[in-house]
Amino acid sequence: MSIPKINTLKIDGSTGEGGGQIIRTALSLSMLTGIPIEITHIRAGRAKSGLMRQHLVCLQASQQISDAKVTGAHLGSTAFSFTPNAVKAGNYQFDIGSAGSTTLVLQTLLPALLFANSDSSAKSTVTIKGGTHNPLAPTTDFLTQAFLPALAKLGMQVDIQLLQAGFAPVGGGVITATISPFMRRADTAAFELTERDKLLHIELSASILNLDYDICTRELASSKAALIEAGIYDGLITTQSNKLQGVGEGNSCYAIVTHQLKNTPTTTDAQAGQPTYPDLQYQQSHNLHHEVFTLLGEKRTSAEKMGKRLAGLVKRYLSTSEALVDEHLTDQLLLPLALAGGGEFSARVISQHTETQAWLIEQFLPVKITFETSADNQILVQVIC
């Protein structure tokens with residue numbers, strides 16, 4: 001990517017959604033473009049404004065991989081400046097020092113390392129210690145099961161391993177990401193996730209960390225029963241339970257909803273008259289779309305209630321729109337698409353997070369991001385480069 005450097009871009013951190021996302025995306029884009037940034041009014045609308053531990057590690061990690069000049073890098077800071085140099089591929093390790101989200105730190109560094117100025121064959125590895133399953137942040141499960149398959153459709157090769165789970169308030173989780181340099185091929189098909197076809201599979205998964213294994217069993221039974229009651233064929237639903245390794249305690253459950261994309265082959269169970277799940281190596285398939293819904297266990301909420309809530313997220317996605325992409329993945333797809341030549345997809349809803357993300361990307365890159373609502377309650381998202 002060759003974009004001429006310009007004067008320092010000044011960003012009001014209270015714009016739009018006004019949270020940590022502005023910090024993370026601005027750092028990513030600054031490293032990608034070489035544009036220096038100054039961010040003021042950081043998290044001004046939050047109960048506790050300024051840089052929290054997680055945000056500070058995003059800034060410090062970005063500084064390390066790009067040899068940047070930085071001012072204002074301290075806890076509670078409400079303003080900072082960041083002037084990057086060339087991003088270098090390498091092996092990096094970062095410790096948040098709390099249960100702050102490892103996945104959000106990784107997502108700050110990932111775009112820059114995909115385009116790192118180094119030997120074209122050099123991979124980067126990033127190991128981050130902190131929280132792996134956090135409220136208000138994508139879990140490691142979401143990244144591996146939803147975000148990475150979407151990146152693979154763009155030709156971006158990233159692998160994430162959960163080495164140790166970490167829940168609030170203890171943290172102590174560890175993830176490692178291996179990032180291959182990205183080279184966009186001229187013959188790459190345009191990214192298009194606009195039309196869903198048959199529902200192929202719903203995988204329900206529940207995990208516990210140093211808690212009673214029965215929690216998983218009860219969550220899964222409750223969720224599956226609620227989906228079957230809603231009319232979903234039970235042959236499409238599978239379940240799995242996991243015991244996580246780590247310190248502290250925690251519980252999570254998630255659902256992977258897999259659809260065939262329009263105009264791609266599938267197979268049918270002739271006896272039941274239902275589509276069957278064609279390929280267990282679905283993360284590598286360009287014919288499928290995987291939407292993931294996650295919940296974290298709560299101390300005063302029963303496993304049965306958690307299972308029903310998870311089923312409710314799935315039912316809302318399946319019933320309120322024919323759109324392929326739900327709220328959280330919509331937000332996360334915009335930057336990769338802007339870097340990979342554009343594309344379009346159908347979204348169920350556009351959040352303030354997504355609107356802020358689109359605005360910020362357009363401040364750095366010569367792209368146009370549009371949202372157009374159709375008569376059938378879908379929103380067509382286009383990233384035009």
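Colleague: Which helix gives the most to the lining of the second largest pocket?

Modeller: In this predicted model, helix 5 gives the most to that lining, with 3 residues. Helix 5 (214–229), strand 12 (250–261) and helix 6 (303–319) each supply at least two of the lining residues, and the lining has 22 residues, with G250, N251, G297, E298 and K299 lying nearest the centre of the pocket. The space in this second largest pocket comes to about 500 Å³, and by class its lining has 10 nonpolar, 7 polar and 5 charged residues.

Colleague: Why is S124 called buried?

Modeller: The term applies under 20% relative accessible area, and S124 has a value of 1%, so S124 is buried. As for its place in the fold, S124 belongs to strand 6 (residues 124–130).

Colleague: What makes the approach of the S124 side chain to the backbone nitrogen of G90 a polar contact?

Modeller: The side chain of S124 reaches that nitrogen of G90 at 3.2 Å, and the cut-off for such a pair of N or O atoms is within 3.5 Å, so the distance meets the cut-off. Leaving aside residues up to four places away in sequence, S124 touches A89, G90, L113, A177, T178 and I179.

Colleague: How do you know that strand 6 and strand 8 pair?

Modeller: Pairing requires at least two bridges between the strands, and 7 bridges join strand 6 to strand 8, the two running antiparallel, so the requirement is met. One of the bridge partners in strand 8 is A177, which is matched with V126. Strand 7 (residues 158–164) also pairs with strand 8 in the antiparallel sense, over 6 bridges, and there A177 is the bridge partner of I160.

Colleague: Why is strand 8 described as largely enclosed by the rest of the structure?

Modeller: Strand 8 (residues 173–179) has 6 of its 7 residues buried, and it is therefore largely enclosed by the rest of the structure.

Colleague: What makes the space lined by A146, P149, A150, K153, L193, H289 and H290 a cavity?

Modeller: The word is used where a 1.4 Å probe fits but cannot get out, whereas a pocket is an open set. The structure holds 1 cavity of 30 Å³ or more, and the largest cavity has a volume of about 30 Å³. Helix 4 (140–153) and strand 15 (288–296) each supply at least two residues of its lining, the largest share, 4 residues, coming from helix 4. By class, the lining of this cavity has 4 nonpolar, 2 polar and 1 charged residues.

How values were computed:
Residues numbered from 1 in each chain as written. Predicted model: local features only at pLDDT ≥ 70, side-chain atom pairs only at ≥ 80, totals over all residues. Heavy atoms only, no water. Buried < 20%, exposed > 50% of the residue type's maximum accessible area, 1.4 Å probe, protein only. Polar contact = N/O pair within 3.5 Å; in protein donor to acceptor, adjacent residues only side chain to side chain. Contact = heavy atoms within 4.5 Å. 1 Å grid on protein atoms, 1.4 Å probe; cavity = no way out; pocket = protein on both sides within 12 Å on 5 of 7 lines; lining within 4 Å. Points joined across faces, edges and corners; volume = space filled by probe spheres on them. Nonpolar A, V, L, I, M, F, W, Y, C, P; charged D, E, K, R; others polar.
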